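Me: Could you take a close look at one part of this model with me, and then work outwards from there? I'm a first-year student, so please keep it relaxed and take it step by step.

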Amino acid sequence: WGGATRTKGSYSNGAASFVMPYLFGTKMSGMDAGNLRHSKLIILWGYNAFDTRMGCEMPPRILEARKRGVPVVVIDPRRTRTVDTMSSWWIPIKPGSDVALMAALLFFLIRNDLQNHAFIETYSTGFAQLKAYVMGASDGIPKSPEWASEICGIPEEEIEKLADLYGRTKAAALLPGLALQRAIAGEEAARMPVALQLATGNIGVPGGSSGGLFWGKIQGPRCGSFPVLPQDDPTISLYEWPDSILAGSEDDRSRSIKGAYITGSNLLAQGSDIQKNIRAFQRLDLIIGHDLFLTPTMALCDIVFPVASFLEREDIVSPAGNFLLYSAKAVEPPPGVLTDYAIFSALADRLGFASDYTEGKSSSDWIDSFLQDSDIPDVAAFKDQGLFQGQEQERNAFSDFIIDPSKHALQTPSGKMEISPRTYEDLGFPAYPHYRGVHPEDPAYPLSLITPHPLQGIHSQYANIPGFRMEEDLGLWIHPEDALIRGIQQDSLVFLSSPQGRIKVPVRITDGIIPGTVSLNEGLWPVLIRDGGDTVDQAGSVNMVSSTDPSLPSRSSRTHTIFVQVALQ
Ligand SMILES: Nc1nc2c(c(=O)[nH]1)N[C@H]1C(S)=C(S)[C@@H](COP(=O)(O)OP(=O)(O)OC[C@H]3O[C@@H](n4cnc5c(=O)[nH]c(N)nc54)[C@H](O)[C@@H]3O)O[C@H]1N2
Ligand SMILES: Nc1nc2c(c(=O)[nH]1)N[C@H]1C(S)=C(S)[C@@H](COP(=O)(O)OP(=O)(O)OC[C@H]3O[C@@H](n4cnc5c(=O)[nH]c(N)nc54)[C@H](O)[C@@H]3O)O[C@H]1N2
Ligand SMILES: [Mo]
């Protein structure tokens with residue numbers, strides 16, 4: 001309907017999705033969870049598998065491997081439930097230092113001739129540049145375990161022990177979570193695991209992994225979907241949406257964004273820098289939203305449509321792994337509540353293009369047409385059982401390429417994995433993955449803050465249900481040493497502050513987090529109060545203190561690179 005400004009990128013995996021095509025010619029770098037049946041070592045690198053579901057089949061497969069005696073290493077600043085229930089070895093690490101540890105592992109592998117020369121030679125280009133960086137030939141700094149030890153806060157022997165285990169155990173599945181890349185220099189944290197898996201010959205082999213987007217990003221069973229129309233609409237970077245709105249000049253608003261249409265997002269709470277988000281919303285002439293609840297975002301809309309939930313409509317779900325799910329309508333929506341599709345269809349009707357928009361189809365007509373155009377042979381059985389499984393359940397990305405690299409060449413310029421692509425250099429960064437180093441710039445904010453996802457909720461969903469969240473979601477994790485020097489006691493109410501804002505929040509003093517780092521789960525609805533001349537959030541809504549300055553070159557999220565202070569006043 002005349003086009004719109006659209007958002008580009010994603011909060012979740014913006015940096016990883018940006019770099020994967022440079023490495024592999026595609027983002028599709030995943031695996032089926034069943035592939036882990038062949039793993040002899042599993043490294044959960046900032047992947048909190050127990051809490052953050054990325055395919056429901058991953059946790060049981062990891063547990064199964066653990067029961068087989070497979071070592072499961074967890075690299076995380078926090079002692080999570082994943083550490084307690086699934087791991088054999090927890091390596092606490094300083095946030096944002098992972099690439100230094102990865103470089104040190106590579107250094108050790110090369111120094112001890114544990115890298116797979118033939119594999120590197122056959123399947124990749126550009127490894128030599130990375131090797132020159134890692135060994136110090138290009139900048140005079142060998143990225144040795146000794147070098148990384150200080151940066152990562154991990155003893156040198158521990159790094160060597162991990163490198164040795166990793167270099168000698170085949171096959172090894174290195175599974176990086178997404179927090180690593182929702183950080184400044186997240187692009188490097190997404191590239192380096194791929195280089196490690198290449199150097200150890202673990203890509204595309206049973207039980208190995210690509211080191212890329214391991215969850216979901218591999219083709220599932222085919223199923224029809226809405227026609228995609230060609231788009232030449234202007235785009236803005238999703239992570240910087242409030243900046244794009246505020247960038248339009250106050251005096252000449254002829255070219256600025258004037259309205260927003262928001263469906264299925266609690267942007268105000270989930271986007272970084274809540275106070276900036278509010279200012280951006282206030283700049284708009286019209287905001288329309290659809291949601292199940294009157295979220296803080298919906299509360300700022302001019303028009304809100306209450307919308308039916310997934311239980312109140314029919315749908316097809318395409319989860320991680322080689323299967324499709326049928327989600328039947330369980331109950332009718334309450335009176336006056338419509339599905340997103342019904343609301344859009346009614347709008348199209350009022351605006352005079354109903355038949356173009358709907359093609360005369362109801363939502364169940366669309367679903368039936370998608371199922372007709374799918375791999376599913378027996379639609380009635382699918383609807384009855386709710387599940388259709390693809391035949392293979394142990395697939396691993398790039399296995400075809402590994403078996404026959406000339407027949408299944410990658411979609412990169414060389415047809416191989418490109419570890420140091422020249423086109424990447426054009427973006428103003430070294431072609432090879434490297435440690436950039438991120439440190440607090442302002443001594444007033446010396447602590448690192450990480451903002452993980454909650455177990456009992458999806459972001460801010462269900463945050464409005466009293467008693468639903470666990471206590472850990474509501475409190476700021478802080479190490480006893482950091483608490484002591486600030487005179488903070490268990491359950492004290494503290495102020496968590498950054499240049500962006502302040503939060504009043506109870507503390508949870510625990511040695512389950514490393515000194516110098518604090519952690520507050522994302523996803524609570526903000527409750528802003530005036531405190532003197534200041535605005536303070538008293539719900540623990542962590543984006544009150546995050547910033548929209550993005551990670552480059554992907555212009556993505558940096559919600560795990562936040563520098564803060566914690567104080568009683
Ligand atoms: N239950 C539940 N499951 C979910 C979601 C949810 O909200 N709730 N959200 C879904 C979505 S949309 C996404 S994008 C994914 C998110 O998945 P992730 O981004 O992987 O999840 P996070 O909880 O942000 O971070 C995972 C772990 O990384 C650790 N971590 C943080 N910073 C660093 C670091 O610098 N280095 C290392 N090594 N570790 C670090 C955190 O302590 C945490 O335990 O989860 C999906 N699954
Ligand atoms: N500090 C910090 N911030 C983060 C993150 C972090 O790790 N740290 N993670 C980021 C990530 S990875 C992501 S993906 C984003 C998530 O950001 P959002 O997607 O904005 O977060 P949700 O809280 O899941 O909001 C979804 C909304 O959709 C509504 N909804 C549910 N079903 C329907 C439906 O059928 N129709 C409509 N119209 N609405 C529906 C829900 O009620 C809810 O209000 O948050 C990002 N924000
Ligand atoms: Mo996400």
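Reply: Let's start at glutamine 270, where a backbone N or O atom lies 2.9 Å from a nitrogen atom of ligand 2. Keep in mind as you look around that this is a predicted model.

Staying with ligand 2, go next to histidine 290. Here again a backbone N or O atom does the job, lying 3.1 Å from a nitrogen atom of the ligand. Threonine 559 does it with its side chain instead: a polar atom there lies 3.4 Å from a nitrogen atom of ligand 2. How much of the ligand does the protein bury? On its own, ligand 2 exposes 930 Å², and 89% of that is buried by the protein.

Now zoom out a bit to the whole shell. There are 27 residues around ligand 2, and the nearest are Ser265, Asp291, Arg313, Ser460 and Gln461. Sorted by class, the shell has 15 polar residues, seven nonpolar ones and five charged ones. They come from different parts of the chain, too: domain 2 (235–318 + 324–388) and domain 3 (447–568) each supply at least three residues to this shell.

Domain 3 is a handy bridge to the other ligand. Ligand 1 lies between domain 1 (14–216) and domain 3 (447–568), because both of them give residues to its shell. That shell counts 31 residues, with Arg53, Asp76, Asp98, His453 and Gly457 the closest. By class you get 14 nonpolar, eleven polar and six charged residues.

Which atoms of ligand 1 do the side chains of aspartate 76 and histidine 560 reach? In both cases it's an oxygen: a polar side-chain atom of aspartate 76 sits 2.7 Å from an oxygen atom of the ligand, and an N or O atom in the side chain of histidine 560 is 3.1 Å from an oxygen atom of it. Isoleucine 75 uses its backbone, with an N or O atom 3.1 Å from a nitrogen atom of ligand 1. Taken alone, this ligand has 920 Å² of accessible area, and the protein covers 93% of it.

Let's leave the ligands and look at aromatic rings. Counting ring pairs whose centres lie within 6.5 Å, you find 18 of them here. A nice one to click on is tyrosine 261 with phenylalanine 344: the ring centres are 5.5 Å apart and the planes meet at 40°, so this pair is tilted. Why does that pair tie together parts that are 83 residues apart in sequence? Tyrosine 261 belongs to strand E8 (residues 259–263) while phenylalanine 344 belongs to helix H14 (residues 340–350), so the contact links those two elements. Tyrosine 261 is partly exposed, at 35% relative accessible area, and phenylalanine 344 is partly exposed as well, at 26%. Elsewhere, Phe226, Tyr341, Tyr357, Trp366 and Phe370 form one aromatic cluster.

Next, a few backbone oddities. The peptide bond between lysine 170 and alanine 171 is cis, with omega about -5°. You'll find alanine 171 in the loop between helix H8 (156–168) and strand E6 (172–176). Another cis bond joins leucine 552 to proline 553, with omega about 5°, and that proline 553 lies in the loop between strand E21 (534–537) and strand E22 (562–567).

Positive phi values turn up too. Aspartate 113 isn't a glycine, yet its phi is positive, about 50°; look for it in the loop between helix H4 (98–111) and helix H5 (117–123). Tyrosine 462 is a similar case, with a positive phi near 75° in a residue other than glycine. Tyrosine 462 is placed in the loop between E15 and helix H20 (471–474). Is tyrosine 462 buried or exposed? Neither quite fits: at 29% relative accessibility it counts as partly exposed.

Strand E15 (447–450) gives you a last stop, because the loop between helix H19 (422–425) and that strand holds glutamate 441. Glutamate 441 has a relative accessibility of 80%, so it counts as exposed. Finally, compare sequence and space: glutamate 441 and isoleucine 403 are 38 residues apart along the chain, and their C-alpha atoms are 48 Å apart.

Definitions and conventions:
Residues are numbered from 1 along each chain as its sequence is written. Chains are lettered from A and ligands numbered from 1 in the order in which they are written. This is a predicted model: local features need pLDDT of at least 70, side-chain atom pairs count only at pLDDT 80 or more; totals for chains, interfaces and linings use all residues. Side-chain values use heavy atoms; hydrogens and water are left out. Helices (H or I, at least four residues) and strands (E, at least two) are DSSP runs, numbered from the N terminus. Buried means under 20% relative accessible area, exposed over 50%, partly exposed in between (1.4 Å probe, protein chains only). A residue is near a molecule or strand if one of its heavy atoms lies within 4 Å of it. A polar contact is a pair of N or O atoms within 3.5 Å; within protein, one must be able to donate a hydrogen and the other to accept it, and residues adjacent in sequence count only if both atoms are side-chain atoms. Accessible areas come from the Shrake-Rupley method with a 1.4 Å probe; for residues, only the protein chains shown count as cover. Ala, Val, Leu, Ile, Met, Phe, Trp, Tyr, Cys and Pro count as nonpolar, Asp, Glu, Lys and Arg as charged, and the others, Gly among them, as polar. Domain bounds come from an automatic or database domain assignment. Rings of Phe, Tyr and Trp (its six-membered ring) pair if their centres lie within 6.5 Å; planes under 30 degrees apart count as stacked, over 60 as edge-to-face and the rest as tilted.
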